[in-house]
Structures are given as structure tokens and as C-alpha cells.
Amino acid sequence: MIPITRLHVGQEEADAAAEAVRSGWLSVGPRAGKFEQQVAEQVGAKHAVSVNSATTGLHLALAALGIGEGDEVICPSFTFIATPNSIRYTGATPVFADIDERTYNIDPAHVEQLITPRTRAIMPASQIGLPADLKALRAIADKHGLFLVEDAAPAYGATIDGVRLGAISDLTVFSFDARKILTTGEGGVVTTDNDEWAARLRALRAHAASVSTLARHTSTAVIAESYDEVGFNYKMTDIQAAVGVVQLGKLDHVVKTRRSLAARYDELLKGNDAVVTPFEPEGYGHVYQSYLVRLVRHERMAVMTAMAERGVATRRITACHLEPVYHAGEHNPVLPVTEKVAADHVLLPHFVGLTDEEQDEVVAALSAATA
Ligand SMILES: Cc1ncc(COP(=O)(O)O)c(C=O)c1O
């Protein structure tokens, strides 16, 4: 089977993890500190706060901004369920906006129509590695006094006008899970230029303790920390961070490889008028966490099944507002573009290490299924 992904990890990551274990310090500690510092430098943000997933990072970001019961946060429906779930965790309501038909990212014009007096934030997803239209969203957020909290889970290393995601939004959340650009197994990071939010993120990820675990354990004095509010346990381990530090060093290679694989798919699929290949707007640096094609006239499940039978794994993205957990019956929003794209797209195998032969076979399987 040609899998949807294969991990790009090896001896260096294994050695780094082993070294962390042997050090005797496994919880969030010095390696997490190093990982955070390197992330901050790499994305050009003042602060990076490591967490145990992007899902918890998104929740933490909203919690740090004081978003909760009675508030509304506008997000796309064409995203992983973690996006709206993170809003729900706070007690706020996710309000689903439609997407742009070419980028598959949230449509700023629709976002603006959905703003109410209860709206506190916009949470775009930089879906499958392509940045959302952050310039337009920033302008809308500023005009209406809203926070811009970006779900950049699949888009570590992506750029707009040469600037990496990480400090364009108020808070940016990246994932390091197994299918992302870089991985720590499970893991995430929240980046921001704001000192106050960074301090809140650090406290809230560790039960809002007034003194961090590392500071307590490395102090010779007796420290009595206090707990003034309800926090969470969202800390990344030092084992994950050690793996993460090695992975960060591979970013340029990973992005270059993913982009050239995408260009090769574009080329191989050029003559197939049954599929639409991805679009990269001028000035945008797509990192192609996934390679998404749309089917012009074939039924999606039939194509995925035929490809699976030929030994090629594929995936799809859900429209969250159609999932039972968010379906609001007769009051459900109608999101025409989301509903169309959600029904007619397929994600193809796309990872560092995908060979030319494998890629040729994916294209052959897709072409046979769409003949
Ligand atoms: C758009 C988006 N948001 C959030 C997440 C959640 O990331 P994590 O698995 O690190 O919680 C994902 C992961 O698949 C994602 O694709």
C-alpha cells in the first residue's frame, strides 16, 4: 500500500529522545525551552510556547484571551474537527464561514457578514499548508476589534510575501503531530509577539501555577506556588521537544521536497481534465502538508475505493458543520462552497520519501479511477 504519509524521522531523532530519557528530566524543561527558542527564531515571533497538541494549543490561545461562554468565534467548516472543538471547549460558539473556491481557506467577505456584537475572534485555518488570506482577515479583525487566532496546524514554515506564519496573527498555533510538516509524535506550539499573552499561555498550560515546575525543581529554596485560577495540563514533554529540535533543522529540506513533489504532481496531472490541481496565490508559500485534488465529474467515494483497491491510500477533509456534533438541524448554516469542495476532493499520498515510482503509481491509480 502507498500510505498517505511516512514519517521523516531517523537515528538523530532516536538519539535525541534517548539522550532526553537518560538526562533524568522528562517533563517540560530545558529541551522544551530550546525547542521554543528555535521555533520563535525560525518563524520570527517573539515567543513560542510548546504544548502537547495543536488542539490544546488552540484551546489555550482562546483561554488566554479570556474567550468563553456567550462569545462567538468565526472559523471555517472545511477544516479538521479540532478547530471548532477548541472553541467549544471554552464554552464559546463556533460560527462557520464559507471558504474561497480556489484556496479552500476561509472567505474574508463571508467572515465580515457573520460578525455580531458577540463575536470576539476570527480563527482561520491555514488549511493543508496554504496560508489563509491573513491580510484581509487582519484588516477585518482590526476594524471590528477582534482577535485573530490562527489555526496554522498544517502550515509550519508557510509564508506570505516571504514572511513565515507565526507573528502575522495575534496568536498562531502549529501542530507537530505525525502527519504534519515536522513532527514530535504529538505536539504543538503557540507563537505570539505579545508578552502578556505568552505569560498567560505558559501559566495556563501548567495549571496556572504561579511558579513553573522547572523553576521549582531547580531552586534550592522552598517554594510555595499558588493557583489563582483553573488551568490545564497541556505541557509538551522534554522527550518530544528533543525530537522537535532535530526536526526543526530539517524544515528547509522538508518544505523544498514537499513543494517539488507538488510540482511533479501538477505536471503529471496536467493532461487529466477530470481533476483540478491546487492553486497557490501570488506571494504565498504553500508547504503542501497535503496535496488536494478536486474531482470534476466522478463520485468521490468510488474514486477513493478504486484507489484503495489498487493499493493507494487517500484521505478527505470533513465539513464540520455537516458532522452530527455540529449539525444544527433546520438552523444549520448553508455553506455552498464548503459543501461542494468537501464532497468532491481527495488528498493524495504526499510526504518526504515518496519515490517517483510511487508517485507515478498514485497518478496512474487516480487516472484509472477517473477515466
Ligand atoms: C487544521 C487543523 N487544525 C488542528 C489540528 C489538530 O492538531 P493536533 O493533532 O496537533 O491536535 C489539525 C490536525 O490534523 C489540523 O489539520
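In the predicted model, strands S1 and S9 pair in the antiparallel sense, with 5 bridges between them. One of these pairings places Val51 opposite Gly188, its bridge partner in S9. Strand S1 spans residues 47-51 and is mostly covered, as 5 of its 5 residues are buried. In a regular strand, side chains alternate between the two faces of the sheet. In S1, His47, Val49 and Val51 point one way, while Ala48 and Ser50 point the other way. Residues of both groups are buried.

The loop that precedes S9 holds an annotated residue. Lys180 is located between strand S8 (171-175) and strand S9 (188-192). In an unreviewed entry, UniProt lists Lys180 under "modified residue: N6-(pyridoxal phosphate)lysine". The annotation "active site", also from an unreviewed UniProt entry, covers Lys180 as well. With a relative accessible area of 16%, Lys180 falls under the 20% limit and therefore counts as buried. Leaving aside residues up to four places away in sequence, Lys180 touches Ala153, Pro154, Ser175, Arg258 and Gln289.

Lys180 also belongs to the surroundings of the ligand. There are 14 residues around the ligand, and Ala54, Thr55, Asp151, Ser175 and Lys180 come nearest. For three of these residues, polar side-chain atoms can be paired with atoms of the ligand. In the case of Asp151, a polar side-chain atom lies 2.6 Å from a nitrogen atom of the ligand. For Ser175, an N or O atom in the side chain is 2.7 Å from an oxygen atom of the ligand. A polar side-chain atom of Lys180 lies 2.6 Å from an oxygen atom of the ligand.

Asp151 is also among the residues touched by Ser126. Ser126 is found in the loop between strand S4 (119-122) and helix H6 (134-144). Its relative accessible area is 0%, so Ser126 is buried. The side chain of Ser126 makes a polar contact of 2.8 Å with the side chain of Glu150. Apart from residues up to four places away in sequence, the residues that Ser126 touches are Asn105, Pro131, Ala132, Glu150, Asp151, Ala152, Pro154, Ala155 and Leu165. Pro154 is thus listed among the contacts of Ser126 and among those of Lys180.

Burial is also extensive in helix H9 (residues 238-248). Because 10 of its 11 residues are buried, H9 is largely enclosed by the rest of the structure. The buried residues are Asp238, Gln240, Ala241, Ala242, Val243, Gly244, Val245, Val246, Gln247 and Leu248. They pack against three helices, namely H1 (11-23), H2 (30-43) and H10 (251-269).

A further sheet involves strands later in the sequence. Here 3 strands form an open sheet in the order S10-S12-S13, with antiparallel pairing. Strand S10 (275-276) and strand S13 (345-348) stand at the edges and each has a single partner strand, so one side of each is left without a neighbour in the sheet. Strands of a sheet pair through backbone hydrogen bonds, either parallel or antiparallel. S12 (residues 291-295) and S13 run antiparallel and are joined by 4 bridges. Within this pair, Val293 has Val346 of S13 as its bridge partner. Helix H11 (residues 300-309) lies across S12 and S13, and runs at about 25° to S13.

Two residues other than glycine have positive phi values. For Tyr288, phi is near 50°. Tyr288 lies in the loop between strand S11 (284-285) and S12, and its relative accessibility of 6% makes it buried. For His207, phi is near 60°. His207 is located in the loop between helix H7 (195-204) and helix H8 (213-217). At 40% relative accessibility, His207 counts as partly exposed.

Terms used
Residues are numbered from 1 along each chain as its sequence is written. This is a predicted model: local features need pLDDT of at least 70, side-chain atom pairs count only at pLDDT 80 or more; totals for chains, interfaces and linings use all residues. Side-chain values use heavy atoms; hydrogens and water are left out. Two strands pair if DSSP finds at least two bridges between them. Contact means heavy atoms within 4.5 Å. Axes are lines fitted to C-alpha atoms, for helices over the stretch in contact, and angles run from 0 to 180 degrees between N-to-C directions. UniProt positions are given in the numbering used here, feature names are shortened, and annotations may be inferred rather than shown by experiment. Buried means under 20% relative accessible area, exposed over 50%, partly exposed in between (1.4 Å probe, protein chains only). A residue is near a molecule or strand if one of its heavy atoms lies within 4 Å of it. A polar contact is a pair of N or O atoms within 3.5 Å; within protein, one must be able to donate a hydrogen and the other to accept it, and residues adjacent in sequence count only if both atoms are side-chain atoms.
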